[in-house]
Amino acid sequence: MTPTLQLFLIISAALFCIGLLAALSRRHAIFILIGIEMMLAAAGLNFIAFWRFAPQPQPPTGVMVTIFAIAIAAAEAAVGLALVITVYRNYRTTSVDKLDQLKG
Amino acid sequence: MNSAAFIIIAVLTLSAALAAATLPRLIHAALSFAVAFVGVAAFYFLLGAEFVGLVQVFVYIGAVAVLIVFTILLTRRDAEKDRGFNWSGVVIALAVFGGLLWSILKTPTFGNVAPKIEPLTVRRIGETLMTDYVWPLQCVGLVLTAALIGALILVMEEKR
């Protein structure tokens, strides 16, 4: 038995849902960022799997999309962590439940 | 493609990701996050996209994981443990996984046997980046510069 496309898609869906779990159920802002990074990586894995199992020859579109997604994810992580540090400096907390000043 | 390697990498990746999502200590979660991304890079190697796997290792383990550990160290005086755990998130994640699984198994896929491919060399990736993808490349450069400047402005001390 060799790994099929469906197996890769299932693994990637599981990774996405673990990321969703981390983003939804944790209170700490850094965990939410970790969850978002995992969801982005799952999307990249999907792109690479589709590129690999598509009829060949074809231009490496899936690979290009994944490279760009990694670059965007790095930028997102840098800005997100800077936001966490700023919030911590102003409120002395990183729990997203306590940041409710704009709540009506 | 090797099925034993696939199973080992899948178990490693998913267990490390689950540990990163559920461990109460932040620093342990950050380290399991790095292990999970090594697993994803191994998947890329297995699928024949070696360059993307290398980029994944450089960017995620080399930069993002280190950045996360630094942030944890800088915000350390906050509660060391993350006590709150919202169980409704588990229900939502399981529901989404069920939906995705149902749609994956129901969809007829175009080919379950990986075709033979010519190796994707760095030269070919570079040529594609510099011809077909030159505008996206420039835009990503702009986005990275803006993110760098924005992150610096965010964490700069305010002058009083």
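**An exposed arginine and the helices around it**

With 11 C-beta neighbours inside 10 Å, A:Arg92 counts as exposed. The model is a predicted one, and this arginine is a handy way into chain A. A:Arg92 sits in the segment that comes after H3 of chain A. Its backbone is a bit unusual on paper: phi is positive, at about 60°, although the residue is not a glycine.

A:Trp51 tells the opposite story on burial. This tryptophan belongs to helix H2 of chain A, and it counts as buried because 24 C-beta neighbours fall inside 10 Å, where 20 or more are needed. Leaving aside residues up to four places away in sequence, A:Trp51 touches A:Pro60, A:Thr61, A:Gly62 and A:Val63. One of these partners, A:Gly62, is 11 residues away from A:Trp51 in sequence, yet the two C-alpha atoms are 5.2 Å apart in space.

Zooming out, chain A turns out to be helical, with 3 helices and 0 strands. From the N terminus on, its elements run α-α-α. For its 104 residues the globule rule gives 13 Å, but the radius of gyration is 18 Å, well over that value, so chain A is more spread out than a compact globule. Taken along the principal axes, the C-alpha atoms of chain A fill a box of roughly 55 × 25 × 25 Å. Even so, 54% of the residues of chain A count as buried. As for how contacts are spread along the sequence, 50% of those in chain A with a separation of 6 or more involve residues 24 or more positions apart.

Inside chain A, helix H1 (residues 5-25) packs on helix H2 (residues 29-53) at an angle of about 170°, and the two axes are 7 Å apart. That angle is over 145 degrees, which means H1(A) is roughly antiparallel to H2(A). The crossing of this pair is left-handed. The contact of H1(A) with H2(A) is made up of 20 nonpolar and 4 polar residues, with no charged ones.

Chain B follows a similar recipe in terms of elements: it has 6 helices and 0 strands, arranged along the sequence as α-α-α-α-α-α. Chain B has a radius of gyration of 20 Å, against a value near 15 Å for a compact globule of 160 residues. Its C-alpha trace spans about 60 × 40 × 25 Å along the principal axes. Buried residues account for 24% of the 160 residues in chain B. Of the contacts in chain B between residues at least 6 apart in sequence, 57% join residues at least 24 apart.

Within chain B, H2(B) and H3(B) pack at an angle of about 175°, with 8 Å between their axes. These two helices are therefore roughly antiparallel to each other. On the H2(B) side the residues involved include B:Phe33, B:Phe37, B:Tyr44 and B:Phe45, and on the H3(B) side they include B:Glu50, B:Gln56, B:Tyr60 and B:Ile72. By class, this contact has 19 nonpolar, 2 polar and 1 charged residues.

The two chains also meet each other: 69 residues of chain B are in contact with 61 residues of chain A. The elements of chain B that give two or more residues to this side are H1 (3-22), H2 (26-46), H3 (50-74), H4 (87-106), H5 (122-131) and H6 (134-155). H3(B) provides the largest share, 11 residues. Sorted by class, the side of chain B that touches chain A has 52 nonpolar, 14 polar and 3 charged residues.

One helix pair across the chains is worth spelling out. Helix H3 (residues 61-91) of chain A and H6(B) pack at an angle of about 10°, with their axes 9 Å apart. An angle under 35 degrees counts as roughly parallel, so H3(A) and H6(B) fall in that class. From H3(A), the contact draws on residues including A:Phe68, A:Ile72, A:Val79, A:Leu83 and A:Thr86, while H6(B) brings, among them, B:Pro136, B:Val143, B:Leu148, B:Gly150 and B:Val155. The residues of this contact divide into 18 nonpolar, 2 polar and no charged.

Note on methods:
Residues numbered from 1 in each chain as written. Chains lettered and ligands numbered in written order. Predicted model: local features only at pLDDT ≥ 70, side-chain atom pairs only at ≥ 80, totals over all residues. Helix = DSSP H or I, 4+ residues; strand = E, 2+ residues; numbered from the N terminus. Rg over C-alpha atoms; globule rule 2.2 N^0.38 Å. Buried ≥ 20, exposed ≤ 12 C-beta atoms within 10 Å, placed from the backbone. Contact = placed C-beta atoms within 7 Å. Nonpolar A, V, L, I, M, F, W, Y, C, P; charged D, E, K, R; others polar. Axes fitted to C-alpha atoms, helices over the stretch in contact; angles between N-to-C directions. Parallel < 35°, antiparallel > 145°, perpendicular 65-115°, else oblique. Left-handed = near helix turned anticlockwise from the far one by under 90°.
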